[in-house]
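The exercises below are meant to be worked with the sequence and the coordinates open side by side. Each begins with a task and continues with a solution in steps.

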Amino acid sequence: MSASENKQLLKTAFDAWATGDIRPLIAAMADDVTWTVSGHNSWSGRFSGKESVRRDLLGPLGAQFDGTYTSTASRFVAEDDVVVVETQGSVATKSGARYDNKYCFVFRVEDGRIREITEYMDTQLIAEVLPELAR
């Protein structure tokens with residue numbers, strides 16, 4: 001796929017996520033996707049495989065939220081097989097705190113599937129608002 005096609009794949013996924021629907025993003029992931037969460041906290045690390053991403057990252061993260069999490073993209077930059085997406089998340093946690101983190105995601109797309117995701121965000125907000133991730 002071209003850079004513009006890869007960019008459109010991610011734009012479509014984030015258009016849905018902006019309404020709270022993460023399913024198109026998950027559907028675009030390869031079964032052997034890797035998702036790396038940057039930083040040095042309990043949520044940081046590498047999640048290998050779509051099932052691990054769902055079970056070990058997205059499931060526990062979603063369990064912290066009171067309501068539907070949305071992620072609204074503001075910029076897409078694509079070159080070859082890499083698409084960079086700047087986005088703003090928005091949700092309240094079950095403790096009542098706001099988790100409105102800003103992100104920069106770096107995606108590597110191969111044959112129409114997301115192969116790698118590297119996530120950069122405000123790790124201090126995570127430390128202040130989200131409980132530790134048990135592993």
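## Exercise 1: Strand 4 and its partners

In strand 5, Val 106 is the residue that stands opposite Val 84. The model is a predicted one, and the task is to describe how strand 4 (residues 82-90) pairs with strand 3 and with strand 5, and which of its residues lie on its covered face.

Solution. Begin with the strand 5 side, where strand 4 and strand 5 pair in the antiparallel sense over seven bridges. Turn next to strand 3, which is joined to strand 4 by nine bridges, again with the two strands running antiparallel; on this side Ser 90 of strand 4 has Thr 70 opposite. Strand 3 and strand 4 form a hairpin, with two residues between them.

For the faces, recall that side chains in a regular strand alternate between the two faces of the sheet. Strand 4 can be read in this way: Val 83, Val 85, Thr 87 and Gly 89 make up the covered face, whereas Val 82, Val 84, Glu 86, Gln 88 and Ser 90 make up the uncovered one.

## Exercise 2: Two residues with positive phi

Find the phi values of Asp 80 and Asp 111, and decide for each residue whether it is buried or exposed.

Solution. The background for this step is that most residues other than glycine have a negative phi. Asp 80 has a phi near 55°, a positive value in a residue other than glycine, and its place is in the loop between strand 3 and strand 4, in the turn of the hairpin that these strands form. Because its relative accessible area is 56%, and the cut-off for exposure is over 50%, Asp 80 is exposed.

The phi of Asp 111 is near 50°, which is also positive in a residue other than glycine, and Asp 111 lies in the loop between strand 5 and strand 6. With a relative accessible area of 68%, Asp 111 is exposed.

Asp 80 also appears in the surroundings of Asn 6, a residue whose place is in helix 1. Leaving aside neighbours within four places in sequence, Asn 6 is in contact with Met 1, Asp 80, Asp 81, Val 83 and Val 109. Asn 6 counts as buried because its relative accessibility is 2%.

## Exercise 3: The rings around Phe 14

Classify the ring pairs that Phe 14 makes with Phe 76 and with Phe 107, and place the three residues in the chain.

Solution. A pair of aromatic rings is described by the distance of the centres and the angle of the planes. With ring centres required to lie within 6.5 Å, the count comes to 11 aromatic pairs. For Phe 14 and Phe 76 the centres are 6.3 Å apart and the planes stand at 75°, so the pair is edge-to-face. This pair links distant parts of the chain, with Phe 14 in helix 1 (residues 3-17) and Phe 76 in strand 3 (residues 70-79), 62 residues apart.

For Phe 14 and Phe 107 the centres are 6.0 Å apart and the planes stand at 80°, so this pair too is edge-to-face. Phe 107 is in strand 5 (residues 102-110), and it is separated from Phe 14 by 93 residues.

Phe 14 and Phe 76 are both buried, and Phe 107 counts as buried at 1% relative accessibility. The three residues belong to one aromatic cluster, whose members include Trp 17, Trp 35, Phe 65 and Tyr 69.

## Exercise 4: Helix 3 and what it packs against

Where on helix 3 (residues 50-62) do its buried residues lie, and which elements do they pack against?

Solution. First list the buried residues of helix 3, which are Lys 50, Ser 52, Val 53, Leu 57, Leu 58 and Leu 61. Seen down the helix axis, they fall within an arc of 150°, so they line one face of helix 3. The buried residues pack against helix 2 (23-28), strand 1 (29-37) and strand 2 (45-48).

Then follow the pairing of strand 1. Four bridges join strand 1 to strand 2 in an antiparallel arrangement, with Phe 47 of strand 2 as the bridge partner of Trp 35. Strand 1 is also joined to strand 6 (residues 113-121) by five bridges, and here the strands run parallel; Glu 116 of strand 6 is the bridge partner of Thr 34.

How values were computed. Residues are numbered from 1 along each chain as its sequence is written. This is a predicted model: local features need pLDDT of at least 70, side-chain atom pairs count only at pLDDT 80 or more; totals for chains, interfaces and linings use all residues. Side-chain values use heavy atoms; hydrogens and water are left out. Buried means under 20% relative accessible area, exposed over 50%, partly exposed in between (1.4 Å probe, protein chains only). The arc is that of the directions from the helix axis to the C-beta atoms. Contact means heavy atoms within 4.5 Å. Two strands pair if DSSP finds at least two bridges between them. Rings of Phe, Tyr and Trp (its six-membered ring) pair if their centres lie within 6.5 Å; planes under 30 degrees apart count as stacked, over 60 as edge-to-face and the rest as tilted.
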